[in-house]
Amino acid sequence: MMDYQSLWFFLWAVLWAAYFFLDGFDLGVGILHPFLARNDLEKRLVMNSIGPVWDGNKVWLVTAAGVTFAAFPAAFVVIFSAFYFPLLLILFGLIIRGIALEFRNKSESRAWRRGWDLAFFLGSLTPAFLFGVIFGNLFQGLPLNDQGYQGSAASLCNRYSLMTGLMFVVMLTVHGAHWVAVKTGDDLVGARLGRFAPRAWVLLVVTVALFFVNTAFATSLFANYLDNYVLLVLPAGVMLSLLAMGMEVLKRNYRPAFFASGAAVVLIVLTGFAGLYPLLVPARPDAIHSLTIFNSAASAYTLKILTVVAVVFVPLVAAYQIWVYRIFRGPVTGEDMENKEAY
Amino acid sequence: MDVLALSRIQFAVTAMFHFLFVPLTLGLSILVAYMESRYVATRDGMYLRMTKFWGRLFLINFALGVATGLSLQFQLGMNWGEYSRYVGDIFAVPLAIEALLAFFLEATFIGLWIFGWKRVSPRLHALSIWIVALATNMSALWILLANGWMQHPVGYVLRNNRAELTDFLALITSGYGWLKFFHTILAGYVVAAFFVMAISAWHLLRKNHLPLFKESFRIGATFGLVSALLVVLVGDFHGAEVGKAQPAKLAAMESLWETQRAVPFYLILVPDPQKERNALELLGIPKMVSFLAFKDGNAEVKGLKDFPRDERPPVWATYVGFRLMVGLGGLFILLSALAAFLSWKDLLERYPLFLKVLLLALPLPYLAGELGWIVAEVGRQPWIVYGVLKTSAAASRGVSALQAVVSLAGFMILYGFLGAVNFYLLAKYARKGPEA
């Protein structure tokens, strides 16, 4: 029988994975936006591809952060104050990108639209990169002692975390490219994606490989894998999904390619989390100050309440979100673009 | 300035900015949903144009409300680490539930509403904005149950060097939290009602789209009158709850220094916190404060001097905030009663001056809402959780003053810019009027 702390570690990991699967392609679309779309109509098309869903996707972040707070308050506090500047920039990025989506079409002025295009791009790139930097630092561990976090903003920028940030950018961009390809069909944007996607796939394979090699040297994540071989399905799954993705991209089957990139995102995130367990924040140099799921968890009573709520509502949320995705399935249509409230 | 002071200013700035958008969302979502339901029921094109006109203003405002909410959640970890560590076991529960029960519904169905005009049936489309309205109001419930717990902690025990939840039912049935909830959403409805009346008045003065704006005005005025009456009524219950749970706040709201029975309400009163008395007390209504707080004109009300100096809230801000809010509440009842009467009798065009007054009154319900929060939060000081944890012990350890200065400056610049853009767009689309 699993203890509540482990159950919530698992749910915590799943929520972050769901966030990166879902909002991941939104962020990727934002990063691609200036490169992929050449005129106003194309820019609108790309933005409208995530129009009906991005807001709902972003709530997975609110929930993942909220669950970090509710299930592991002590870890929430250390993580959020240690990553003060990265989180501040993520916050600013997410704010301006949301506003960019909603406000860009509210004026015909070229300068206005260019400004919001830039905000959409930067507001997508910044969170994608900095989430990678944050998780890279968590995987390595933070300088903690009994007084809390002892590092600085500069010490968060180390080779491993920057590499992880880069991998997040590439991974989410590829994921976003597949989404746009599904949503735009065979027009000009689609043709450009046909040339971009195979090259992006190669870049992704290289960065993921580098990430795994670096992880072996810079972190202790793989110790869990040596203790429990079953976990190896996760990195094996990463490789399989990358392989499947490559084959589908070459065949220009973007729907399966999208699910393959989504699977890769989820499995990479879970590979990291499975390596952390049962730690939430490993401490360096003295592991005794590590935050574990046991010393930073909420009380058993609170975890029980949260479990009941999650068991009832997470499936319900997933069900109505899937239902809305189905309503908007298929490429963005001309009729969608004529809607005055569209982006 | 130290990290604590900077973090307090930052939270005040970001929370008050957030609350410029939330109240309108709470009320206007319901009004737009009502308008669209009228369209579905009557198939009268005017209601469709009305829905789209107000819906667009709703969405501009909604974008800012959603975008600025996340800042508050992040700050709890970034700046208020000791607070979150100490009470996270309780306080974070309603926040997590808010995300799962309300934010998902709100964000998913707003997407369906914006983009689904041609994709779903009119009935389902109208239903989706009703779901948004319900979800928005539900999110207010959970966040106010959380805030209600800070005001009046229940269902917990101090254990393991923190506060731990022991009774979830007590948390979610807290009378204090529910009264705060009703008081806040009703204040939001008043904001939305005056928003609709003011913009309709602007168009009525110019004779634009007369039937559409007369009907909008009538909807706004009716909703406004009901909400203004109820917000004052609930506010009265809430005041009584404050008197029981936070006597120091009540004393500051009334600027009452000495504990006494049958406390009168002075229409003119000037506090003098330095000398622990009031410099001026004129035109007293006998027994009024005792009666309002305890429903008994002879009840004893505790004065500020009964509390140690370091456990008294700042008197000026609490007192002025409360007085102004109450005065404005009365004004809203008068204005909306008159507005409802004139619009139901179809006499609005005969009183252009009244329409101008309503246009000018637009900022007042916003002001009243912000004042209400000042009373609630400043009046709770020096406590962050009343009687459990002081604000001075709540800030994060390991965050430097430099970090706090940079983030505060960043928020002010970004929010200043966003506020200006939002105001510009609302004015632009409000003036433009409905599509033909």
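The lining of the largest cavity in this predicted model is made up, by class, of nine nonpolar, three polar and three charged residues. The cavity itself has a volume of about 140 Å³. Its wall is built from 15 residues, and those nearest the centre are A:Asn48, A:Pro52, A:Lys183, A:Phe328 and A:Val332. Readers who like to follow the secondary structure can turn to chain A, where helix H2 (40-50) and helix H7 (159-184) each contribute at least two residues to the lining of this largest cavity.

The second largest cavity encloses about 120 Å³ of space. Here the lining divides into eleven nonpolar residues and one polar residue, with no charged residue present. Aromatic names are easy to spot in the list: A:Trp12, A:Trp16, A:Phe80, A:Phe131 and A:Phe135 are among the lining residues from chain A, and B:Phe74 joins them from chain B. The lining also includes A:Leu61, A:Ile79, A:Leu87, A:Ile134 and A:Leu138, together with A:Thr68.

Several helices of chain A take part in enclosing this second space. Helix H1 (4-36), helix H3 (54-71), helix H4 (73-82) and helix H6 (110-140) each supply at least two residues of its lining. Of these, H6(A) provides the largest share, with four residues.

These two spaces belong to a wider set, as the structure holds seven cavities of 30 Å³ or more.

Definitions and conventions: Residues numbered from 1 in each chain as written. Chains lettered and ligands numbered in written order. Predicted model: local features only at pLDDT ≥ 70, side-chain atom pairs only at ≥ 80, totals over all residues. Heavy atoms only, no water. 1 Å grid on protein atoms, 1.4 Å probe; cavity = no way out; pocket = protein on both sides within 12 Å on 5 of 7 lines; lining within 4 Å. Points joined across faces, edges and corners; volume = space filled by probe spheres on them. Nonpolar A, V, L, I, M, F, W, Y, C, P; charged D, E, K, R; others polar.
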